[in-house]
Amino acid sequence: MSLRSLAILSHKGGVGKSSIAVNIAVHLAKIGKRVCLLDNDFHGPSIMTFFQRDPEVNWLNEYLLGKETMDDCLQNVSPTLGLSGKLWVGYADPTPESIQNLIRIDQKTSIKMLQNLIKLKKGFKEKPYEIEYLIVDCSPGTGYSTVNVMLATDSSLFIVKLSNADLFGTSQMIAGLYKQLKNRSLVLANLIPKEAIQSDTRKQDIQKLIEKRFTVDIGDKIVEFLGWIPTDFELQNIEFQEAVKHLQGQESSRIIYTLEQPEHVFSTTLIDLIPTLFGEVG
Ligand SMILES: Nc1ncnc2c1ncn2[C@@H]1O[C@H](COP(=O)(O)OP(=O)(O)O)[C@@H](O)[C@H]1O
Ligand SMILES: [Mg+2]
């Protein structure tokens, strides 16, 4: 059984990386696959806000720094979510001490973390894991922890918001990383005004322009543009309501669309992309 792996990346924060990572991972486990989702965004951890984190489970940071075993840092969330497959989640430590610690680490430690990440991937092939899909949510930008993930995964999915700042930064980022790593690079546009992409011809025209822009900047045609996800105001409204519940001391969590609303455009767009993301034929 082969392990397919995907890094979720971006130039800027707040473009939808974590939402996309969680929704893809949950969908795969929902249809019976064996999946692992890692929060490698050590600067802005957020994967735990989608799940009920078991406080007994240690942080992914601890495993990568060689302080804990992989078994102690992964939580199987499939029973609570009622998923027919398996979903293991590794969480990043959100405490300021831990975030600062990982920002300041030296090159030797960063290489050690890469070695442990590769070891983790090997461990995923063994029982009880036997993982088929590994999805890693990364920090924005090109810090060492993100580059480590790119070195350890098969494909790189860049999420863009299509502002000038984001387009410029993303093509710089892909160009620079491609020169060093030669990773398969995929681009998905999120948070796009719905009205702007109502017509298919308009979408295709803009897609061509984006691919041309990247090709000019990178000097090679390496970027595959995958598609569009519109801004969903209902999602933003639900998030606001959940935040109010949280403020009132009530139980609240982030919505996972592929689980709760599989027919929603956010879910269907991601589900349709899965074979391409993991380089599967047919
Ligand atoms: N297509 C979308 N429509 C509406 N809101 C979205 C969409 N994609 C993401 N969001 C919201 O945008 C915010 C940032 O998303 P998040 O996944 O946390 O981004 P990142 O991980 O890149 O920082 C969240 O509040 C999320 O719910
Ligand atoms: Mg995030």
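This report walks through the ligand shell, three helix pairs and a handful of single residues in a predicted model.

## Around ligand 1

Let's start with the ligand. The shell around ligand 1 counts 18 residues, and those that come nearest are Gly16, Lys17, Ser18, Ser19 and Asp232. Sorted by class, the shell has 10 polar residues, five nonpolar ones and three charged ones.

Which elements each supply at least two residues of that shell? They are helix H1 (17-30), strand S7 (184-192) and helix H9 (233-247). Two of these, H1 and S7, turn up again below.

## H1 against H11

Besides supplying residues to the ligand shell, H1 packs with helix H11, which covers residues 265-277. Their axes come within 10 Å and cross at roughly 65°. Angles from 65 to 115 degrees count as roughly perpendicular, so H1 is roughly perpendicular to H11. The crossing of H1 past H11 is right-handed.

If you want to find this contact on screen, pick out Ile20, Asn23, Ile24 and His27 on the H1 side. Facing them in H11 are Phe266, Ser267, Leu270, Ile271 and Ile274. The contact of H1 with H11 has no charged residues, with six nonpolar and three polar ones making it up.

## H5 against H6

The next pair is helix H5 (107-124) and helix H6, residues 144-152. Here the axes are 10 Å apart and the packing angle is about 35°. H5, too, passes its partner H6 in a right-handed crossing.

From H5, the residues that meet H6 are Ser110, Met113, Leu114, Leu117, Ile118 and Lys121. H6 answers with Tyr144, Asn148, Leu151 and Ala152. By class, the contact of H5 with H6 comes out as seven nonpolar, two polar and one charged.

## The loop after H5

Follow the chain out of H5 and you reach the loop that runs to strand S5 (133-138), where lysine 125 sits. Is lysine 125 buried, partly exposed or exposed? It counts as partly exposed, because it has 13 C-beta neighbours inside 10 Å, and 12 or fewer would be needed for exposed. Leaving aside neighbours within four places in sequence, lysine 125 is in contact with Leu3 and Glu130. Tyrosine 63 is 62 residues away from lysine 125 along the chain, and their C-alpha atoms are separated by 17 Å.

The loop between H5 and S5 also holds proline 128. The peptide bond leading into proline 128 from lysine 127 is cis, with omega near 0°.

## H7 against H8

Helix H7 (164-181) pairs up with helix H8 (200-218). The two axes come within 9 Å and cross at roughly 45°. That angle makes H7 oblique to H8, since it falls outside the ranges for roughly parallel (under 35 degrees), roughly perpendicular (65 to 115) and roughly antiparallel (over 145). The crossing of H7 and H8 is right-handed.

On the H7 side, the contact is made by Leu167, Ser171, Ile174, Ala175 and Tyr178. H8 brings Arg213, Phe214, Asp217 and Ile218. Together, the contact of H7 with H8 has six nonpolar residues, two charged ones and one polar one.

## Two positive phi angles

Between H7 and S7 there is a loop, and lysine 182 is in it. Its phi is near 55°, a positive value in a residue other than glycine. Lysine 182 is exposed, because just 9 other C-beta atoms lie within 10 Å and the exposed class takes in 12 or fewer.

Leucine 191 also has a positive phi, of about 60°, without being a glycine. This one is placed in strand S7, an element that supplies residues to the shell around ligand 1. With 19 C-beta neighbours inside 10 Å, leucine 191 counts as partly exposed, since buried takes 20 or more.

## The loop after H8

Last stop: the loop between H8 and strand S8 (223-230), which is where lysine 221 lies. Why does lysine 221 count as exposed? Because it has 10 C-beta neighbours inside 10 Å, and 12 or fewer is enough for that class. Lysine 221 and threonine 231 are 10 residues apart along the chain, with 28 Å separating their C-alpha atoms.

How values were computed
Residues are numbered from 1 along each chain as its sequence is written. Chains are lettered from A and ligands numbered from 1 in the order in which they are written. This is a predicted model: local features need pLDDT of at least 70, side-chain atom pairs count only at pLDDT 80 or more; totals for chains, interfaces and linings use all residues. A residue is near a molecule or strand if its C-beta atom, placed from the backbone, lies within 6 Å of it. Helices (H or I, at least four residues) and strands (E, at least two) are DSSP runs, numbered from the N terminus. Ala, Val, Leu, Ile, Met, Phe, Trp, Tyr, Cys and Pro count as nonpolar, Asp, Glu, Lys and Arg as charged, and the others, Gly among them, as polar. Axes are lines fitted to C-alpha atoms, for helices over the stretch in contact, and angles run from 0 to 180 degrees between N-to-C directions. A crossing is left-handed if the near helix is turned anticlockwise from the far one by less than a right angle, and right-handed if clockwise. Two residues are in contact if their C-beta atoms, placed from the backbone, lie within 7 Å.
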